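This report concerns one helix and the strands associated with it. The sequence and structure are shown first.

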Amino acid sequence: MVQSHPAEVVVPPAVHRHRLPAPPPGQQPPEDAAILLFALLAAARPDAPAALLDSSDHARTAAPARSRRSILAFSCGEHALEVRHRDGVTVEHRPGSALAPWRRHDGGFFRWLRQAWPHTGAATHPEDLAEDHPDDPPEPFQLGWVGWLGYELRREVGSPDLQQQAPRAARPAADDAHLFRATHAVVLDHAAGQVEVQSLGEDPAWLREAALAWDEVLAAGPDSPASQPTAPEAEPPQIQELRVRDGREDYLAMIARAQREIYEGNTYEVCLTTAVTARAPADQLDALSLFWRLRAANRAPFTQLLRLCGAGGAGGAGAVDVLSTSPERYLSIDVAGTVRSEPIKGTRARSADPQADERLRQELAAHPKDRAENVMITDLVRNDLSIHAVPGTLRTERLCAVESYPTVHQMVSTVSARISPEVPRADVVAAAFPPGSMTGAPKISTMDILQRLETGPRGPYSGVAGYFSTTGAADLSVLIRTLVIAPGRPEEDEALLHLGLGGAIVADSDPADEWDEVVTKSAGVLGALGVEFPSR
């Protein structure tokens with residue numbers, strides 16, 4: 001059991017930023033520069049929490065502003081700190097602290113976040129945050145906190161458990177949230193062609209290591225050592241006990257019950273979920289190689305690999321890998337205090353035939369049921385953002401736009417607002433949690449219905465992941481298209497795999513079509529694992 005200790009006051013130094021020289025003319029970074037660089041830097045610190053927040057579609061997207069940057073973040077050295085939250089208790093672990101390596105905080109995760117990320121609404125002079133580059137506006141990301149917030153944090157925002165919690169071993173991850181303090185980072189600005197190295201305080205050794213690794217990436221060819229740790233040709237792991245938590249008939253029965261709740265007036269949209277689970281030999285599960293295959297097949301703005309280590313380093317208690325290729329932004333907050341959300345509702349599988357593919361795109365754009373789903377969630381997001389918005393600043397920037405990704409077309413809307421100056425930004429994040437596109441509406445009553453309908457906890461899936469920067473900026477994606485890898489039985493040296501899946505149920509949903517959508521959404525992740533959707 002973790003005991004409370006006297007607080008050890010450790011004030012991290014200021015963020016040090018150094019921009020690497022631009023490559024020579026004609027020598028452009030490879031499209032996959034971020035993951036190649038991450039492979040080199042992560043291999044040198046295998047026991048450190050790490051994250052690759054990679055806009056893997058940056059060279060192909062029709063919306064380049066959203067996919068402008070990729071971020072590599074690590075937690076190591078004397079200021080390393082890992083934070084885990086479960087069942088109402090937040091625990092900080094400082095591996096380099098002799099006085100108090102563990103520190104307990106009671107009172108909820110969002111209360112801890114308000115203290116650890118103490119930024120308030122609109123910045124009056126955001127340029128003052130850029131001390132190292134006084135002539136440039138601050139980068140959105142300058143170290144800070146990186147990690148994931150799981151769906152079960154809904155308990156803190158008005159949806160307490162209505163039934164006995166699942167045994168810890170049955171949950172997709174041991175924790176309800178897991179983050180680390182980013183002490184070192186590399187930020188790739190794909191649009192500007194710039195690479196910035198960051199650290200807490202000056203760290204010449206880190207700067208030298210990052211610069212040498214970047215030179216290796218620039219010189220990478222098909223036989224370069226930089227490409228070997230993540231070769232997409234690597235064999236997928238031997239998947240065992242692949243099963244869907246709710247078979248087709250069970251899921252159709254859950255849909256019928258959700259529609260009864262709608263007919264009775266208790267809700268008007270229910271985002272119902274299930275999961276595909278499996279086991280695999282731990283020594284065959286190289287998360288980076290698996291992530292390479294996943295992102296190569298499903299490039300998206302929020303392609304993320306989160307390596308959260310737990311106690312004892314990689315593979316220790318609570319160690320979890322989260323691999324996500326999400327197209328959906330939960331929430332971004334820029335340095336000046338503008339908050340933006342981009343909910344997704346409405347999906348069609350892509351076709352290899354261009355004409356058929358265009359017909360599918362147009363069908364999605366015009367379909368009344370999909371538009372109704374999207375409008376309902378957009379209205380819910382407007383309500384969430386309005387809670388802390390400056391009056392008159394709430395805007396629906398686009399409604400029911402269709403975006404295309406490698407395996408699916410999706411319907412997306414965008415809502416923005418300006419944060420009131422006195423409001424803690426952590427409160428803005430909490431007010432919109434969990435993502436409305438993963439609950440349905442009205443949010444609180446629908447989450448209560450979901451607790452009665454769903455047959456297992458969601459874990460990280462349908463929560464959010466990303467960063468909370470020292471600048472006050474944040475960018476968080478919705479954890480969909482997400483594979484969670486957690487330790488299994490230690491005596492078997494196995495890993496547990498969890499892929500959450502689901503869709504929005506409304507009054508005129510066709511149950512058979514909803515089941516087909518679940519299967520469609522699984523294709524990208526299961527394809528990277530080399531398996532097909534299980535019959536049961």
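In which sense do β3 and β9 pair, and over how many bridges? β3 and β9 pair in the antiparallel sense, over six bridges.

## Basis of the description

The model is predicted: local features need pLDDT of at least 70, side-chain atom pairs count only at pLDDT 80 or more, and totals for chains, interfaces and linings use all residues. Residues are numbered from 1 along each chain as its sequence is written, and side-chain values use heavy atoms, with hydrogens and water left out.

Helices (H or I, at least four residues) and strands (E, at least two) are DSSP runs, numbered from the N terminus. Two strands pair if DSSP finds at least two bridges between them.

## Strand β9 and its partners

Six of the six residues of β9 are buried (under 20% relative accessible area, 1.4 Å probe, protein chains only). His184, Val186 and Leu188 point one way, while Ala185, Val187 and Asp189 point the other way. In a regular strand the side chains alternate between the two faces of the sheet.

In the pairing with β3, Val187 of β9 is the bridge partner of Ile71. β9 also pairs with β10 (residues 194-200), again antiparallel and over six bridges; there, Leu188 has Val195 of β10 as its bridge partner. Four residues lie between the strands of this hairpin, in which Gly193 takes a positive phi near 70°.

## Helix α1

Helix α1 spans residues 33-43, and nine of its eleven residues are buried. Among them are Ile35, Leu36, Leu37, Phe38 and Leu41. The buried residues of α1 pack against β2 (50-54), β3 (69-74), β9 (184-189), α3 (204-218), α5 (287-297) and β13 (302-308).

Notes. Buried < 20%, exposed > 50% of the residue type's maximum accessible area, 1.4 Å probe, protein only. Contact = heavy atoms within 4.5 Å.
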